[in-house]
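Got a minute to go through a model together? Let's take it one feature at a time, as a chat between learner and teacher.

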Amino acid sequence: MSGSGVSGYAAVNARVRAMYSGRLTAEVWAGLNGAADVKTLIGLLKNSVYGRYLNAVEEKSLSPRRTVFQIENRVADAYAAIVHWVPVHARAFMAQLYRRFEVDNLKAVLRGVATGVSWNRVQFVLFPFGPSTVLPAEKMMESGSVRSAVDKLRGTPYYDTLNHAMERYRAEQNLFPLEVALDLDYWRILWSAVHQLPTRDRMPSIRIAGSMMDVNNLLWAIRYKVYYRLSEEEIINYTLPFGYRVRDEDIRGIAAGADISQTVMRIYPEVTDVEALLEEPRSGLPQLEVLLTRHVAKQCRAAFSGDPFHLGVPLAFILLSEMETQDLTVLIEAKAMGTPAAGFQPYLLMSGGSPDAALS
Amino acid sequence: MFLPKEMTEIELVVPDQDLLAVANVLAGQGVFHQVDAANASPEVIPGSASSWQEQTTAYAALERQLQATVRLLGVEEGSAPPPGQSPMVEIEAVRPLVEHMAREVREVNDLLEADRKRLEQLNGYLRQLEPVAGIPLDISALQKSRYIFSILGVIPVVNLERLKTSLARIPFVVLPLRQDRQHAVVWLAGTRQNADTLKRAARSAYLNPLNLPDVQEGTPSEIIRSLHVAIGRAQEHLGAQEAAIVQLRRTREEELQVLLWRTRASRMLSEAMARFGRLRYTYLIVGWVPTGKWAALSERLRQASKNILVQAHSGARSTAGENVPVSLGHRGVLRPFQQLVTMFARPRYNELDPTFLMALTFPLLFGAMFGDVGHGLELALLGVLLSSRKVRALRGLAGLGGLITVCGVAGCLFGFLYGSVFGLDTILPALWIRPIDNILEILYISVGAGIVLLSAGFLLNIYNAGLTRDWPRLFLDRNGVTGLVLYWSLLGLAAASLIAGFPVPPAVFAVSAALSGLAVMFSEVLKRLTDGRRPLVEGGLGTYAIQTVFEMFDTLIAMLSNSLSYVRVGAFAVAHAGLSSVFFILAVLISPGHGAGYWIMVLIGNLFIVGFEGLIVGIQTMRLEYYEFFSKFFLGGGMPYSPLTLRPKVEE
């Protein structure tokens, strides 16, 4: 498939909409929300589109962590399919978007190496990225040190970034500089890939991927300021100077000590109660993240109306699928820990058990 | 030749004391396909395999340690010992030696690695200092300046702008001294009172300061001079370590290789023994052997164990299940065609092995589409070149060499029949037909040949069904007797309607087609009836009727499209001649006087035809074989024959 516009996206659009119709319905969500325990929840999921992933392993192996791992396979499959379906010019961007999970896997492996846990414990914490991964995760885990693990990445896109940042790891013995370097590198490449797209695909992609980047960038700045109390120059260096709504001036303002609530409300007028949330940052920031992610979800849903022949539709679908999995993860963990509904519902991207209710 | 090799199922009951000898014989002969005996008899003691599994784990660990040592020492793994010379090694007896060698090699290797790192570090300093070599300042003095705080270091290029942004509130200078695609060597300076801000900004922008622990004093050029001296010393030291490794390699190589292979053989043998079934005082061994090899193996087994109990029975094809391993084992010219067949599917034990048919029809179809003496010869030579493995870059394609050679020869032979040499039809007389001058005729012949092949496909399916005594498939399948009658009736009907004076009236074929068509339509119901079961009509009669009508429609369309699919054989034969002449026309247009341009164009055309057209014709031939021909009779899904051996396995 090499065309763009109608010819390039007609088939993709039809396939994506068919897959989109497979998302969990409000009734299923209501059932999942009301499940008495994690076993009941898994039973319900087995009757859904996630069934084939959960039935692939024995019942007794389905720990909460393993269940999450299995359902994440659906997102991996969706990415693999969409990267293949989209026109050639959009593949690099979609592949880079998917690499987000690989970056997360890499961070998890490095944490595993640094803390000395076994591969068996890390294996199912990783996202099931599939055969296209460049990470020799198991070999890295077996390497015994962060330096050796990074050396195992020679020849991959991550090596240069990590190798340079290793100087700081060596001095500080802390994974923070490695993780920040990986994140910044990832988002810079993604932003560059967005700008390589033809105009027709670039605009919706900037709107959706840029919104996602905004959430990250803004939350980084806030966390660096509030949690880590980093200096202005550090916050600037650890954040990105671009985005969709969030401008560099906003980030620099937060770094310089501007009122964070005012800044957030100026950028997202539709998000209320920011001041109240930031009064207690430990619990407030995760909730702010949920609110801002819901905003991204809204952008995704908007892509399904209007002209359908652009990259926005598959992009929106894949991000909504990720969010569905994210919510299922919250539900599984909450049910496993016996958390009451009031404790986990604020962290769901869909409120009241219906995805449509929250995402519209 | 036409069926997979006949197999014999064997069950051996071996006394404890003879187990190792028997296992050695089984593995040494390399003909025994092992089956897990755990479920072969109720008398097998559950969990009895665990001690062998533990042994396997221990051998595997030892093997890994040896492999690591072999790799560190840069020694080849060597080749497997000759059959019969792989007795089990005693783990506890060899472990101290293995550990000693591992330690010995690791120590020298660690020293070597440390020297390499040191050398790399010194060269790194050198590279970092080269851009500032011309600065007549003492770097350490610069760093000790009273009023100026500065950092000389390396920063990722993408962070440079952000670093400047982060320092917007204070006075500073960032001077890039050297820059490549990813990194820049920069000198960052500001007032000493802003030193903390500068440090934080530099650190968070990943500006790694130049680190010169050994040779900090002096100007860059002085440091560079002392670095060169240090590099010389490090190289000498490295040379000494490398000599030590070479010496160690010389003394340990053979010993390591023998130990590695013996440990590997022991691991594989204990892996096999873990799948033997433990009875009370004996072991049960179950598996398959090609019938032709059984007599020799049986004799060796009896030599190894006087008290062995042997039970062997030949795998009857009519009743054989899917658990009988399938050994094809074709050699020579048939080998590449076997690969083509197994790429589609491995034949079952009780069905025809289509390798020979493939070897016959594939070159025939390919040659008919690619008929040209010159191009065929080129292709054949390419095949010979690939098979010879003389060109390193083409070694990966050596497996295709035989196939390409045969196809090239077939193309060459058809070239004589078509009278075509490099697309020119003026050099040779056509022994049979010139496709470009007889387009309709060649197309008719192609379809005719397709009909013959498809009919052969029906007959082969009937034969396969007969082999397994699958009577419903034989008589009622759409590719069985009724399907063949329907196909031939339709062909007869078309011939009788179109050819004046055809000896049989169309009505005869129409009646025959209708009857066989009805049989195909209701084949499912009839199959159930022949099985003595009630006919099952799913979803009511209406739905069933609609379904059978559509299935019938699908059958008719498939028969038509499969037959017409062979038109491509003639079409490609015509296209080949046309395409060749196009390149000659282009060559004349480029250079009417037959100068260099003419010959360059002819060469490009040749490469295009041999490479691109050859590939397309190959794909089309494969398509005709797989989808039109094989789909008629070939089920596949056989279990690969994988004999137990202590030597590296060669894929069938």
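What follows is a dialogue on confidence, sheets, helix packing and the chain contact.

Q: Before I trust anything, what kind of model is this, and what is the mean pLDDT of chain A?
A: This is a predicted model, so start with the confidence scores. Chain A has a mean pLDDT of 90, with 95% of its residues at 70 or more.

Q: Where in chain A is confidence lowest, and where is it highest?
A: The low end is helix 20 (residues 355-359) of chain A, with a mean of 41, and the high end is helix 13 (residues 232-237) of chain A, at 97. Over residues 352-360 of chain A the pLDDT is below 50, and that stretch has 24 contacts in the model beyond near neighbours in sequence.

Q: On to sheets. What is the strand order in the open sheet of four strands in chain B?
A: Strands of a sheet pair through backbone hydrogen bonds, and the pairing can be parallel or antiparallel. Here the order is 4-5-3-6 in chain B, and the pairing is antiparallel. At the edges sit strand 4 (172-179) and strand 6 (208-209) of chain B, each pairing on one side only.

Q: How many bridges join strand 4 of chain B to strand 5 of chain B?
A: Seven, with strand 5 covering residues 183-191 of chain B and running antiparallel to strand 4 of chain B. To find your way along the pair, look for B:F172 opposite B:G190 and B:R178 opposite B:V185. Strand 4 and strand 5 of chain B form a hairpin, with three residues between them.

Q: And how many bridges join strand 3 of chain B to strand 5 of chain B?
A: Nine, again antiparallel. A handy marker there is B:I151, which stands opposite B:L188 in strand 5 of chain B.

Q: Which helix packs on the sheet?
A: Helix 6 (residues 195-204) of chain B does, touching strand 3 (148-156), strand 4 and strand 5 of chain B. The direction of helix 6 of chain B makes about 5 degrees with that of strand 3 of chain B.

Q: Which residues of strand 8 and strand 9 of chain B are the bridge partners of B:I10?
A: In strand 8 of chain B the partner is B:G287, and in strand 9 of chain B the partner is B:A312. Strand 1 (residues 7-15) of chain B pairs with strand 8 (residues 282-290) of chain B over nine bridges, in the antiparallel sense. Six bridges join strand 1 of chain B to strand 9 (residues 309-314) of chain B, also antiparallel.

Q: Now helix pairs. At what angle do helix 11 and helix 12 of chain B pack?
A: Read the angle and the axis distance together. Helix 11 (residues 373-388) and helix 12 (residues 401-418) of chain B pack at about 165 degrees, with their axes 7 Å apart. The two helices of chain B are therefore roughly antiparallel. Their crossing is left-handed. The contact residues divide into 12 nonpolar, 10 polar and no charged. Among them are B:G376, B:A380 and B:G383 in helix 11 of chain B, and B:G401, B:G408 and B:G415 in helix 12 of chain B.

Q: Is helix 13 of chain B roughly parallel or antiparallel to helix 20 of chain B?
A: The axes of helix 13 (residues 439-467) and helix 20 (residues 596-633) of chain B come within 6 Å and cross at roughly 25 degrees. That makes helix 13 of chain B roughly parallel to helix 20 of chain B. Their crossing is right-handed. By class, their contact has six nonpolar, three polar and two charged residues. Helix 20 of chain B brings B:E628, B:F629, B:K632 and B:F633 to the contact.

Q: Where do the axes of helix 16 and helix 18 of chain B lie relative to each other?
A: The axes of helix 16 (residues 506-521) and helix 18 (residues 540-565) of chain B come within 9 Å and cross at roughly 120 degrees. That makes helix 16 of chain B oblique to helix 18 of chain B. The contact is made by B:G517, B:V520 and B:M521 of helix 16 and B:T548, B:M552 and B:T555 of helix 18 of chain B.

Q: Last one: how many residues does the contact take from chain B and from chain A?
A: It takes 16 residues from chain B and 14 from chain A. On the side of chain B, helix 6 gives the largest share, five residues.

Key
Residues numbered from 1 in each chain as written. Chains lettered and ligands numbered in written order. Predicted model: local features only at pLDDT ≥ 70, side-chain atom pairs only at ≥ 80, totals over all residues. Axes fitted to C-alpha atoms, helices over the stretch in contact; angles between N-to-C directions. Parallel < 35°, antiparallel > 145°, perpendicular 65-115°, else oblique. Left-handed = near helix turned anticlockwise from the far one by under 90°. Contact = placed C-beta atoms within 7 Å. Nonpolar A, V, L, I, M, F, W, Y, C, P; charged D, E, K, R; others polar. Pairing = 2+ DSSP bridges. pLDDT = per-residue confidence, 0-100.
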